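Biologist: I would like a close look at one part of this protein, with enough of the surroundings to understand where it belongs. Please take a first-year student through it step by step.

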Amino acid sequence: MDFAKTKELFHLPEGVIYLDGNSLGPLPKAAAGRVAQTLEAEWGEMLIKGWNDAGWMALPGRIGDRIGRLIGAESGHVMTGDTLSIKVWQALAAALALNPGRKVILSDTGNFPSDIYMAEGLTTLLGQGYEVRTVAPEDVAGALSGDIAVLMLTEVDYRTGRMHDMAALTKAAHAHGIVTVWDLAHSAGAIEVDLAGAGADFAVGCTYKYLNGGPGAPAFIYVAPRHAEAAKPALSGWLGHEAPFAFDLDYRPAPGVARMRVGTPPIVQLAALEAAMDAWDGVEMADVRAASMRLTDLFIAEVEASCPTLTLASPRDATRRGSQVSFHHPHGYAVMQALIARGVIGDFRAPDILRFGFTPLYIGEQEVRAAAAILADILATGAWDAPQFHARKAVT
Ligand SMILES: *Cc1c(COP(=O)(O)O)cnc(C)c1O
C-alpha cells in the first residue's frame with residue numbers, strides 16, 4: 001500500500017508534524033470543494049428540493065455503509081448521525097431492553113468519561129434498581145456474571161491505547177447472556193475491527209478522529225443484523241419512523257438500523273465526512289494496521305533511546321495497543337505545550353500523559369523520527385519549563 005498517495009489527499013500546515021489525528025483528523029483537501037458544492041449547488045440552487053434531488057435523505061445511511069466496510073459490519077447495518085455520546089445512550093437503552101430482568105451495565109474505569117456519564121444518566125432516569133458498575137480494565141473478564149445486562153467497553157483506551165480483546169470478551173459476555181456495546185472511537189480507521197466476526201451486538205463511534213470528518217462530524221451506530229428488527233429506539237424521533245412523511249401520531253420504528261436515526265441530519269457536515277471517506281477508497285485496514293504498528297514501535301524505540309525522563313504508558317506489545325503511544329511525565333502538560341510550539345502536535349491527558357496518535361494515511365517514518373528528536377531536545381534542554389507552557393488552556 002502506497003501511503004504517499006493518501007498523504008496527498010490531506011491538507012497539513014507547513015512545518016507541522018501532526019500526531020493528534022486520534023483527536024481531530026486533518027482537513028481532507030476534497031472537503032472544501034464538496035462542502036462548497038453542497039452549499040451552493042445544492043442548498044443554494046435546489047433549496048428544499050435537495051432532500052430528494054441531491055440525495056440528502058439517504059446520505060446518513062450511505063456514509064454508514066462506507067464506515068461499515070472499515071469496521072467489519074454487514075452492509076446496511078451502520079447509520080450515521082448525532083454525536084457519539086448520544087449514540088452511546090441509544091445503544092445502551094436498546095441493549096438494556098433486549099435483556100429485561102437484568103439491571104447492571106458493566107464498564108471499566110479506563111473508559112472515556114462521557115460513556116460512563118451517559119450510562120449513569122440513563123440508569124438514573126430508568127430508576128428501578130438500574131445501575132452502572134465499573135471495574136479495572138484487566139478485571140472485566142472476571143466480573144462477567146448472570147446479573148449483568150450489558151457490557152459496555154471502549155475497545156481502545158483513549159489514554160494509553162491499551163486494547164480489549166473484542167472477540168474474546170464478546171464471546172465470554174454472551175456465555176453469561178450479556179449484550180455487548182462496543183465503542184470504536186479509537187478503533188474506526190485505526191485498527192482492524194471485525195464486528196460481524198466478533199459477534200458484537202451494538203457498536204458506536206465517532207468520525208472526527210481517525211476518519212477525518214471534521215470538528216463535530218456525526219457519529220455512527222451499528223446494530224447486529226440479528227437484533228435489527230428487535231432493537232427498540234429509545235430516542236424515537238420522526239426520521240427513525242417507518243414512514244416519517246405519513247405524519248402518523250403513532251410511532252412505528254423503521255426497518256433495521258434506520259430506526260436509529262433521530263431527527264434532521266446535518267447535511268453540510270455529512271458532505272465533509274463523505275469527502276473524508278473518499279480517502280479510504282482502495283485502502284485496506286490490514287495495511288493501515290501493519291503500517292501503524294511499525295510507526296508506533298519506531299516512536300517508542302526512538303523516544304526510549306533519547307528521553308530518559310519519560311516512561312511508557314502504553315502496552316509495549318504492538319498487537320495489544322491501538323494506533324497511539326502515550327508516555328508519563330510529571331510535567332506532561334508543559335512538555336506538550338513546548339512541543340506544540342515547535343510544531344509537533346500531540347495532546348495531553350490528565351493527570352500526566354503525553355499522547356501521540358499515528359495515522360499512516362498521512363504520517364510516515366520521517367515524521368516519527370523528527371518528532372522524537374524534537375521531544376528529546378525539549379526535555380534535554382529543559383525548554384518546556386517556561387511560564388508560557390505551564391498556563392492551562394480550556395481544551396488540552
Ligand atoms: C472521543 C470520545 C467521545 C466523545 O463523544 P462526543 O459525543 O463525540 O463528544 C466519547 N467516547 C469515547 C470513548 C471517545 O473516545
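What percentage of the 396 residues in the protein do buried residues make up? With that as background, please zoom in on K209, in the loop between strand 9 and strand 10.

Modeller: Happy to! This is a predicted model, in which local features need pLDDT of at least 70 and side-chain atom pairs count only at pLDDT 80 or more, while totals for chains, interfaces and linings use all residues. Residues are numbered from 1 along each chain as its sequence is written, and side-chain values use heavy atoms, with hydrogens and water left out.

To your question: buried residues account for 55% of the 396 residues. Here buried means under 20% relative accessible area, exposed means over 50%, and partly exposed is in between, using a 1.4 Å probe and protein chains only. In total, the protein exposes about 16200 Å², of which carbon and sulfur atoms supply 57%; the area comes from the Shrake-Rupley method with a 1.4 Å probe.

Now the overall build. The chain has 14 helices and 15 strands. These are DSSP runs numbered from the N terminus, with helices (H or I) of at least four residues and strands (E) of at least two. Its radius of gyration, 22 Å, is close to the 21 Å that the globule rule gives for 396 residues, so the protein is as compact as a globular protein of that length. That radius is taken over C-alpha atoms, and the rule is 2.2 Å times the number of residues to the power 0.38. Along the principal axes, the C-alpha atoms fill a box of roughly 70 × 55 × 40 Å. Of the contacts between residues at least 6 apart in sequence, 72% join residues at least 24 apart, where contact means heavy atoms within 4.5 Å.

With that picture in mind, let us zoom in on K209. An unreviewed UniProt entry gives K209 the feature "modified residue: N6-(pyridoxal phosphate)lysine". Please read such labels with care, since UniProt annotations may be inferred rather than shown by experiment; feature names are shortened and positions follow the numbering used here. K209 counts as buried because its relative accessible area is 10%. Setting aside residues up to four places away in sequence, K209 touches G21, N22, S23, L24 and G25, as well as A185 and H186.

K209 also has an aromatic partner: its charged end sits over the ring of F112, 5.5 Å from the ring centre. For this label, NZ of Lys or CZ of Arg must be within 6 Å of the ring centre and within 35 degrees of the ring normal. F112 itself is in the loop between strand 5 (104-108) and helix 6 (113-126). With a relative accessible area of 34%, F112 is partly exposed.

F112 leads us to another record. The unreviewed UniProt entry places the feature "binding site" at a set of residues including F112, S114, D115, T154, D183, H186 and Y208. The residues of that set span 181 residues of sequence and are spread in space too, up to 30.4 Å between C-alpha atoms. One of them, D115, lies in helix 6 and is buried, with a relative accessible area of 3%. Apart from neighbours within four places in sequence, D115 is in contact with V88, M152, T154 and D183.

Back in the loop that holds K209, have a look at N212, which also lies between strand 9 (202-205) and strand 10 (219-223). N212 has a phi near 65°, a positive value in a residue other than glycine. N212 is buried, with a relative accessible area of 1%. L47 makes a nice contrast in exposure: its phi is near 50°, again positive in a residue other than glycine, but L47 is exposed, with a relative accessible area of 54%. You will find L47 in the loop between helix 2 (29-46) and helix 3 (50-53).

Finally, a charge over a ring turns up elsewhere too: the charged end of R392 sits over the ring of Y333, 4.6 Å from its centre.
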